[in-house]
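Let's work through some exercises together, one step at a time. Have a look at the sequence and the model first, then try each task before reading its solution.

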Amino acid sequence: MKHLYLQEEHEIFRKALRKFLEKEAYPFYEQWEEERIIPRAFWEKMGAQGYLCPDVDEKYGGSGVDWGFSVVINEELERVGSGLVGIGLHSDIVIPYITAFGTEEQKTRWLPKCVTGETITAIAMTEPGAGSDLANIQTTAILDGDHYVLNGQKTFITNGIHADLVIVACKTDPKATPKHKGVSLLVVERDTVGFSRGRKLNKVGLHSQDTAELIFEDAKVPKENLLGEEGKGFQYLMEKLQQERLLVAIAAQAAAEKMFEMTMSYVKSRQAFGVPISKFQNTQFKMAEMATEIEMGRAFLDQLIAEHMNKQEVVNKVSMAKWKLTETARKIATECMQLHGGYGYMEEYEIARRYRDIPVASIYAGTNEIMKTIIAKNLGF
Ligand SMILES: Cc1cc2nc3c(=O)[nH]c(=O)nc-3n(C[C@H](O)[C@H](O)[C@H](O)COP(=O)(O)OP(=O)(O)OC[C@H]3O[C@@H](n4cnc5c(N)ncnc54)[C@H](O)[C@@H]3O)c2cc1C
């Protein structure tokens with residue numbers, strides 16, 4: 001695996017992180033899957049080692065390093081299991097809203113504990129009636145003196161159970177036209193009166209990932225918890241969704257590479273008709289096809305990460321990477337399971353878990369169909 005944007009220091013960091021995960025994550029991962037949650041203690045261990053929010057400025061407790069370190073962390077977490085996706089969501093999806101749009105007071109108040117893992121964050125956009133059509137959210141926040149009164153329901157929220165801070169997309173001007181101009185982002189804290197959690201959701205895959213419903217009933221949110229300016233929430237989301245989609249593409253690529261590796265070793269060891277199944281031409285062709293897709297995906301992705309780190313405009317290419325790499329990973333999961341034969345369908349083989357974890361990557365962070373609408377728009381349709 002070669003990466004354009006990584007230096008020796010990133011690879012040293014990767015080695016240390018992998019060693020940490022071999023001790024603190026790999027041995028417990030199946031238990032977390034069964035318990036359907038990653039314990040808070042693991043978050044705090046990650047924080048103590050500097051593995052949360054590494055790009056946050058040193059004055060708020062971070063390491064102030066480049067985003068290449070975040071890429072390494074997300075790749076290594078994905079190699080353990082896709083259920084750890086909530087950690088990347090915290091460090092590289094939610095925190096960037098605070099660092100980009102937060103006031104000095106908000107950053108000082110919230111960031112240090114996000115870096116240590118004492119505070120876990122979430123972002124709540126999706127509602128039971130609005131996912132892809134984000135401008136149509138119904139959650140409202142109406143200013144009443146020194147606080148907003150927040151009402152509405154969110155669903156499918158990653159880190160929903162653990163979250164101590166939730167960035168909530170809501171309408172501060174429900175009558176605005178066009179609709180998206182009424183959207184704002186409010187930061188809701190754990191103990192807010194009127195804020196409660198609904199069900200912890202029972203998913204097909206990502207069993208250890210905490211996903212929940214959130215409910216706001218006349219929740220009183222201080223005016224000071226508005227992120228950025230009123231009415232600019234949709235614009236902020238469109239800006240920050242690029243890194244979110246890129247992260248999903250990075251995880252899909254890492255998952256594809258891991259599935260390929262485990263299948264390579266399986267086909268060499270499994271015997272049929274007196275030879276390893278790797279001797280069959282079909283096996284070799286399937287592996288050759290997958291190796292090609294992985295190599296091409298890696299080249300496109302690495303170039304894109306480098307462009308993103310150079311702060312270039314990447315909306316179109318991110319949309320391409322998100323749909324294509326998640327689709328490729330899904331195809332690879334199917335092929336790798338097939339090459340495992342009956343064992344691939346057994347829970348004790350990692351490929352079975354990968355097979356049920358990967359399809360959600362085509363759905364969240366904007367569905368693959370929405371990615372294609374963006375690409376089509378850029379084609380002039
Ligand atoms: C495990 C998991 C974790 C998640 N985590 C979070 C989170 O942390 N925060 C959060 O806010 N949300 C989260 N989500 C929600 C996720 O982002 C939404 O499910 C997703 O955006 C799709 O919205 P929807 O489910 O309402 O589907 P819908 O929008 O109802 O879409 C249904 C189908 O219609 C298609 N469709 C919709 N509009 C169009 C169109 N214009 N053109 C073509 N096809 C279209 C879609 O592609 C899809 O195939 C999570 C979801 C899951 C499953």
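## Exercise 1: The lining of a pocket

Helix 5 is the biggest contributor to the lining of the second largest pocket, giving six residues. Before we go on, note that this is a predicted model, where local features need pLDDT of at least 70, side-chain atom pairs count only at pLDDT 80 or more, and totals for chains, interfaces and linings use all residues. Residues are numbered from 1 along each chain as its sequence is written, and side-chain values use heavy atoms, with hydrogens and water left out.

**Task.** Describe the lining of the second largest pocket and find where this pocket lies.

**Solution.**

Step 1. Recall the term: on a 1 Å grid over the protein atoms alone, a pocket is an open set of points with protein on both sides within 12 Å along at least five of seven lines, and lining residues have an atom within 4 Å of a point.

Step 2. Look at the residues: 24 line this pocket, and Pro96, Lys240, Gln243, His308 and Lys311 lie nearest its centre. By class, the lining has ten nonpolar, six polar and eight charged residues.

Step 3. Add the helices (DSSP runs of H or I, at least four residues). Helix 5 (85-101), helix 6 (104-116), helix 7 (233-269) and helix 8 (281-309) each supply at least two lining residues.

Step 4. Place the pocket: domain 1 (8-119) and domain 3 (234-379) both give residues to its lining, so the pocket lies between them.

## Exercise 2: One lining residue

**Task.** Is Lys311 buried or exposed?

**Solution.**

Step 1. Locate Lys311 in the loop between helix 8 and helix 9 (315-339).

Step 2. Apply the cut-offs: buried means under 20% relative accessible area, exposed over 50%, and partly exposed in between, with a 1.4 Å probe and protein chains only. Lys311 has a relative accessible area of 74%, so Lys311 is exposed.

## Exercise 3: A closed space

**Task.** Which domains give residues to the lining of the largest cavity?

**Solution.**

Step 1. A cavity is a set of grid points where a 1.4 Å probe fits but cannot get out. The whole structure has two cavities of 30 Å³ or more.

Step 2. The largest cavity has a volume of about 60 Å³, a volume being the space filled by probe spheres set on the points. Its lining includes Trp43, His162 and Asp210.

Step 3. Domain 1 (8-119) and domain 2 (123-230) both give residues to this lining, so the largest cavity lies between them.

Key:
Ala, Val, Leu, Ile, Met, Phe, Trp, Tyr, Cys and Pro count as nonpolar, Asp, Glu, Lys and Arg as charged, and the others, Gly among them, as polar. Domain bounds come from an automatic or database domain assignment.
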